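Work through the exercises below with the sequence and the structure open. Each task is followed by a solution in steps.

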Amino acid sequence: MSLDVPALPDASAAEALRADLSTWTVDAVEAVVGDRAMRALAREQVLPARVASRASSTVEATLTRLFLLGDAVPARDVDRALPSVGADGAAGLGLIELSGGEARGRVDLRPYAATHEGGEAQWWVASDQGEAVTGARLRDDHVLGIGGASLTLAGMTMRAPVGRVLDLGTGCGIQALHASLHAREVVATDVSRRALAYTRFNQVLNGIADWDLREGSMLEPVAGEEFDLVVSNPPFVITPEGAPQFEYRASGVPGDGIVSTLVSSVGTVLAPGGVAQMLGNWEIHGGSSWQEGLEAWLAASPVPLDAWVIERDELDAAEYAETWLRDAGVTPERGRAEFEAAYQAYLTDFDARGVSAVGFGMVLLRRPVSGSPTLRRLEQHEGPLQEPFGGYLVAALAAHDRVAAMTDDALLATAWTAASDVTRESYGPVLQADPSYLLLRQGAGLGRSVSMDTALAGFVGACDGELTAGQIAHALAALLDVDAARMVAGLVPAVRELVADGFLE
Ligand SMILES: C[S@@+](CC[C@H](N)C(=O)[O-])C[C@H]1O[C@@H](n2cnc3c(N)ncnc32)[C@H](O)[C@@H]1O
């Protein structure tokens with residue numbers, strides 16, 4: 001049976017297509033459609049971009065109309081825009097269809113740029129066309145293009161040079177593309193043959209050395225292997241029976257089972273020191289906290305792992321149902337009966353299983369190189385994230401590891417410096433001489449704040465890289481007239497946390 005995906009070009013056809021597309025960059029698309037239309041595209045509204053691009057006759061405008069906006073364009077314009085491949089060649093590859101002298105895109109193809117240490121990578125990424133372009137409901141085996149979650153995962157991935165990377169649930173291959181910039185070997189898996197065909201197309205189109213693509217569910221295609229980095233934007237959308245089931249977002253596993261299984265089992269394919277980074281939803285049951293659920297998943301891992309989970313958002317059951325029904329194009333305006341039946345299915349399922357809310361967040365797991373895990377952090381952060389967040393995570397893990405490996409004596413023998421983004425805030429009644437609250441606040445990272453007592457405030461205020469922590473502690477003990485040993489014992493754990501969190505460097 002035909003997969004209804006683009007045909008795989010041979011190396012010379014791929015090179016010709018790349019040459020034809022070479023001026024069609026992210027910047028070129030912006031230049032064609034303008035800011036207003038770019039913002040509308042981010043809201044999945046194509047009309048402003050169609051209007052703007054129809055007013056231009058450049059080859060970049062033609063390519064934008066054809067591949068990004070699903071607009072019909074004269075076939076002779078396609079010959080001009082793709083001089084090596086031509087309209088017939090593009091039709092032969094299944095990228096467009098020709099009818100009565102007109103061409104129309106059959107796939108979503110778009111330029112995509114990524115900055116990395118060596119500069120900027122420029123790729124073209126093909127996937128199925130979205131509903132905004134076709135106006136039709138997505139097929140159940142729709143292959144997702146680059147979406148918000150794809151970009152979140154790509155942005156949070158730690159980009160140190162690595163050996164083997166696994167992209168689990170690769171879709172159109174966007175994470176594999178990123179991984180190809182810093183990995184020796186990329187393995188990408190998916191249950192969807194259509195997704196794997198798009199991934200292969202995108203790898204060949206972009207002239208990237210071979211990826212090892214494997215069909216199969218979850219860790220089954222890679223069982224017994226080890227990876228230095230696993231990235232996954234899994235199909236985490238909780239989808240009860242009666243709600244829309246799309247392969248790209250719903251796994252078919254009830255509740256949040258796909259994410260729990262991944263968290264509990266990914267350690268089995270991590271090399272020592274290997275890291276898994278993924279996105280996910282987690283159910284929050286009755287009176288328990290979101291952390292309790294995650295702790296149980298982590299406890300079920302046969303491989304003890306460092307864990308850092310950042311919950312970004314929490315929705316109650318009704319909000320969750322509305323969000324994901326709207327995402328599936330199921331709205332009361334389009335069909336009240338279908339919307340209400342699916343909405344009811346969500347509420348019935350959540351109520352029956354005691355799900356009061358659903359969390360969304362980022363999970364970072366790491367297999368220790370040796371010994372036991374030292375990191376267990378489950379925190380909430382709803383605000384904006386420092387960009388690139390992956391770079392922040394690299395630095396934060398390095399700080400954690402450094403301080404975890406330090407003895408108390410070594411910590412006290414070090415001259416720490418307060419980080420340049422850290423400010424001190426004090427609060428209290430105007431007429432009160434001493435403030436009631438002293439806070440340290442980070443400008444970068446997760447913008448954390450820490451409340452301090454007088455001793456800690458005095459300590460941090462003296463961390464200018466000249467005096468060691470031990471010297472400052474003793475000076476403070478004398479100044480505040482407290483026992484030096486008690487002062488040191490009280491400060492050491494606080495200093496450990498401040499260093500691990502990036503307040504002190
Ligand atoms: C949300 S998409 C992510 C695509 C892409 N990695 C990204 O970041 O945009 C999830 C992908 O997981 C795949 N998938 C669904 N069930 C799976 C399973 N049980 N095992 C592996 N992949 C699965 C889907 O076909 C889809 O391509």
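**Exercise 1. A small sheet**

How many bridges join S1 to strand S3 (residues 102–105)?

Solution. The model is a predicted one.
Step 1. S1 and S3 are joined by two bridges, and the two strands run antiparallel.
Step 2. Locate the partners: Val-73 is bridged to Ala-103 in S3, and Pro-74 stands opposite Glu-102 in S3.
Step 3. Turn to the other neighbour of S3. Four bridges join S2 to S3, again as an antiparallel pair. One pair of bridge partners is Ser-99 and Glu-102 of S3.
Step 4. Put the strands in order. The open sheet has three strands, arranged S1-S3-S2, with antiparallel pairing. Strand S1 (73–74) and strand S2 (96–99) are the edge strands, as each pairs on one side only.

**Exercise 2. The turn and the two faces of S3**

Describe the link between S2 and S3, then sort the residues of S3 by face.

Solution.
Step 1. S2 and S3 make a hairpin that has two residues between the strands. Gly-100, in the turn, has a positive phi of about 55°.
Step 2. In a regular strand, side chains alternate between the two faces of the sheet.
Step 3. Apply this to S3: Ala-103 and Gly-105 belong to the covered face, while Glu-102 and Arg-104 belong to the uncovered one.

**Exercise 3. Two helices and their crossing**

At roughly what angle do the axes of helix H18 (residues 469–480) and helix H19 (residues 484–500) cross?

Solution.
Step 1. The axes cross at roughly 125° and come within 9 Å.
Step 2. Classify the angle. Because angles from 65 to 115 degrees count as roughly perpendicular and those over 145 as roughly antiparallel, H18 is oblique to H19.
Step 3. The crossing of H18 past H19 is right-handed.
Step 4. List the residues that meet. H18 contributes Ala-473, His-474, Leu-476, Ala-477 and Leu-480, and H19 contributes Ala-484, Met-487, Val-488 and Leu-491.
Step 5. Sort this contact by class: eight residues are nonpolar, one is polar and none is charged.
Step 6. Look at the link. Asp-481 lies in the loop between H18 and H19. Its phi is near 60°, a positive value in a residue other than glycine. Asp-481 is exposed, with a relative accessible area of 70%.

**Exercise 4. A covered helix**

Which residues of H11 are buried?

Solution.
Step 1. The buried residues in H11 are Gly-257, Ile-258, Val-259, Ser-260, Leu-262, Val-263, Ser-264 and Ser-265.
Step 2. Compare with the whole helix. Helix H11 (residues 257–265) is mostly covered, with eight of its nine residues buried.
Step 3. Find the cover. The elements over these buried residues include strand S6 (162–168), strand S9 (227–232), S10, helix H12 (290–299) and strand S12 (355–366).

**Exercise 5. Two residues and their surroundings**

Is Thr-199 buried or exposed? What does Pro-272 touch, not counting residues up to four places away in sequence?

Solution.
Step 1. Thr-199 is part of helix H10 (residues 193–205). Its relative accessible area is 0%, so Thr-199 is buried.
Step 2. Beyond the neighbours within four places in sequence, Thr-199 is in contact with Thr-170, Gly-171, Cys-172, Gly-173, Trp-211 and Leu-213.
Step 3. Pro-272 is found in strand S10 (residues 270–285). With a relative accessible area of 40%, Pro-272 is partly exposed.
Step 4. Pro-272 touches Glu-226, Arg-367, Pro-368 and Val-369, leaving out residues up to four places away in sequence.
Step 5. Take one of these pairs. Pro-272 and Glu-226 are 46 residues apart in sequence, and their C-alpha atoms are 8.6 Å apart in space.

**Exercise 6. Backbone exceptions**

Where is Glu-44 placed, and which residues does the cis peptide bond with omega of about -10° join?

Solution.
Step 1. Start from the usual case: most residues other than glycine have a negative phi, and most peptide bonds are trans.
Step 2. Glu-44 sits in the loop between helix H2 (26–42) and helix H3 (47–54). Its phi is positive, about 65°, although Glu-44 is not a glycine. Glu-44 is exposed, with a relative accessible area of 58%.
Step 3. The cis peptide bond joins Glu-387 and Pro-388, with omega about -10°. Pro-388 lies in the loop between strand S13 (376–380) and helix H15 (389–404).

Methods
Residues are numbered from 1 along each chain as its sequence is written. This is a predicted model: local features need pLDDT of at least 70, side-chain atom pairs count only at pLDDT 80 or more; totals for chains, interfaces and linings use all residues. Side-chain values use heavy atoms; hydrogens and water are left out. Axes are lines fitted to C-alpha atoms, for helices over the stretch in contact, and angles run from 0 to 180 degrees between N-to-C directions. Angles under 35 degrees count as roughly parallel, over 145 as roughly antiparallel, 65 to 115 as roughly perpendicular and the rest as oblique. A crossing is left-handed if the near helix is turned anticlockwise from the far one by less than a right angle, and right-handed if clockwise. Contact means heavy atoms within 4.5 Å. Ala, Val, Leu, Ile, Met, Phe, Trp, Tyr, Cys and Pro count as nonpolar, Asp, Glu, Lys and Arg as charged, and the others, Gly among them, as polar. Two strands pair if DSSP finds at least two bridges between them. Buried means under 20% relative accessible area, exposed over 50%, partly exposed in between (1.4 Å probe, protein chains only).
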